[in-house]
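Here is a guided look at one protein chain, for you to follow with the coordinates open. Please keep the viewer at hand as you read.

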Amino acid sequence: MHKPPDNMEAHTESHQALVLVAEDETEIAQILLAYLARSGLRVAHAADGQAALDMHLALKPDLVLLDVMMPRHDGWAVLSELRRRGHTAVIMLTAMDQDIDKLTGLRIGADDYIVKPFNAAEVVARTLAVLRRTRQGGAQPHRLLRAEGIEVDLEHYEAAVCGAAGRQLLALTITEFRLLAHMARAPKRVFTRTELLAACLPEGETLERTVDSHLSKLRKKVEGAGGAGLLESVRGVGYRLGGGA
């Protein structure tokens with residue numbers, strides 16, 4: 001367990017969320033522990049996958065920052081076991097920035113995904129964002145959104161187009177999934193770029209044109225799965241899921 005600086009002791013009260021950092025690189029772990037403690041969170045450190053599983057049982061943390069490459073069970077194995085145990089929030093840490101890795105992680109239940117090298121302050125911001133979402137929603141049962149030929153599984157982070165060709169799974173990044181899920185909650189409503197940016201990309205310093213880029217890629221994937229016309233741009237306003245009729 002990392003001991004935070006003396007002037008931060010007051011923040012580590014029992015009612016504050018506990019974050020378990022599962023990271024085998026000592027220097028990275030110590031930086032994360034210090035930043036998290038400075039933000040008022042309680043912290044614990046596991047140096048390998050088995051220790052992470054043992055400490056999860058003993059401490060029941062609110063969130064686990066989970067490195068993919070660790071000895072004695074890698075991050076995927078740990079995540080699978082955590083999901084069998086329940087709904088603890090998990091953010092994956094990895095050096096591999098590949099969409100297929102993100103998809104694998106999200107399909108077995110990761111709440112977010114951060115690629116190394118990262119800014120520790122950003123990790124803290126995204127940790128706090130996930131904690132807010134999980135605390136607001138609590139341990140929710142399986143949820144499925146169906147709208148305009150789109151099916152969005154909010155628990156398993158899966159999305160599919162359901163049409164004449166059957167159910168076609170979409171290989172989405174986490175940002176694309178967030179955008180699709182957000183619009184699926186209010187089909188046919190037109191969302192402005194500012195709204196989508198605030199709802200789906202809250203942790204980063206991004207521009208509104210970034211939303212256009214993500215929506216363009218998302219639309220191509222939806223159309224490629226047989227969902228032509230499901231995602232529409234409304235000139236001068238934003239985007240919607242489904243026609244406006």
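The sections below go through the sheets, the helices and the salt bridges of this predicted model.

## The parallel sheet

A good place to start is the open sheet of 5 strands, whose order is E2-E1-E3-E4-E5 and whose pairing is parallel. Strand E2 (42-46) and E5 are the edge strands, each pairing on one side only. On average, neighbouring strands here are turned by 20 degrees against each other, direction ignored.

Inside this sheet you can follow the pairing of strand E3 (residues 63-67) with strand E4 (residues 89-94): the two run parallel and are joined by 5 bridges. To find the register, look for Leu-65, which stands opposite Ile-91 in E4.

## Helices on the sheet

Helix H1 (residues 26-38) lies across strand E1 (18-22), E2, E3 and E4, and runs at about 165 degrees to E2. H2 also packs on the sheet, where it touches E1, E2 and E3; its direction makes about 145 degrees with that of E2.

Helix H2 spans residues 49-59 and includes His-56. Is His-56 buried or exposed? With a relative accessibility of 7%, His-56 counts as buried, because the cut-off for that class is under 20%. Beyond its neighbours within four places in sequence, His-56 is in contact with Leu-20, Pro-61, Val-64, Leu-82, Arg-85 and Thr-88.

## A mostly covered helix

Further along the chain, helix H6 (residues 174-184) is mostly covered, with 10 of its 11 residues buried. Among the buried residues are Ile-174, Phe-177, Leu-179, Leu-180 and Met-183, and also the charged-type names Glu-176 and Arg-178.

## The antiparallel strands

Now turn to E12. Strand E11 (residues 231-234) and E12 run antiparallel and are joined by 4 bridges. These two strands form a hairpin with 3 residues between them, and Gly-236 in the turn has a positive phi of about 80 degrees.

Strand E12 (residues 238-241) also pairs with strand E10 (residues 191-192), in the antiparallel sense and over 2 bridges. Which residues meet Gly-238 of E12? Thr-192 has Gly-238 as its bridge partner, and Val-234 stands opposite Gly-238 as well.

The hairpin carries a salt bridge too: the side chains of Arg-240 and Glu-232 meet at 3.0 Å, N to O. Arg-240 counts as buried at 18% relative accessibility, while Glu-232 counts as partly exposed at 25%.

## Salt bridges elsewhere

The structure holds 16 salt bridges. Side chains of opposite charge can pair when their charged atoms come close. In one of the pairs, the side chains of Glu-81 and Arg-84 meet at 3.0 Å, N to O. Both residues lie in helix H3 (residues 75-85), 3 residues apart, or about one turn of the helix. Glu-81 is partly exposed, with a relative accessible area of 23%, whereas Arg-84 is exposed at 63%.

Another salt bridge joins Asp-112 to Arg-126, with the closest N and O atoms 2.9 Å apart. This pair links distant parts of the chain, 14 residues apart: Asp-112 is in strand E5 (residues 112-115) and Arg-126 is in helix H5 (residues 120-137). Both Asp-112 and Arg-126 are buried. Finally, Glu-23, Glu-25, Asp-67 and Lys-116 are linked in a network of salt bridges.

Notes. Residues numbered from 1 in each chain as written. Predicted model: local features only at pLDDT ≥ 70, side-chain atom pairs only at ≥ 80, totals over all residues. Heavy atoms only, no water. Pairing = 2+ DSSP bridges. Buried < 20%, exposed > 50% of the residue type's maximum accessible area, 1.4 Å probe, protein only. Contact = heavy atoms within 4.5 Å. Salt bridge = Lys/Arg side-chain N within 4 Å of Asp/Glu carboxyl O. Axes fitted to C-alpha atoms, helices over the stretch in contact; angles between N-to-C directions.
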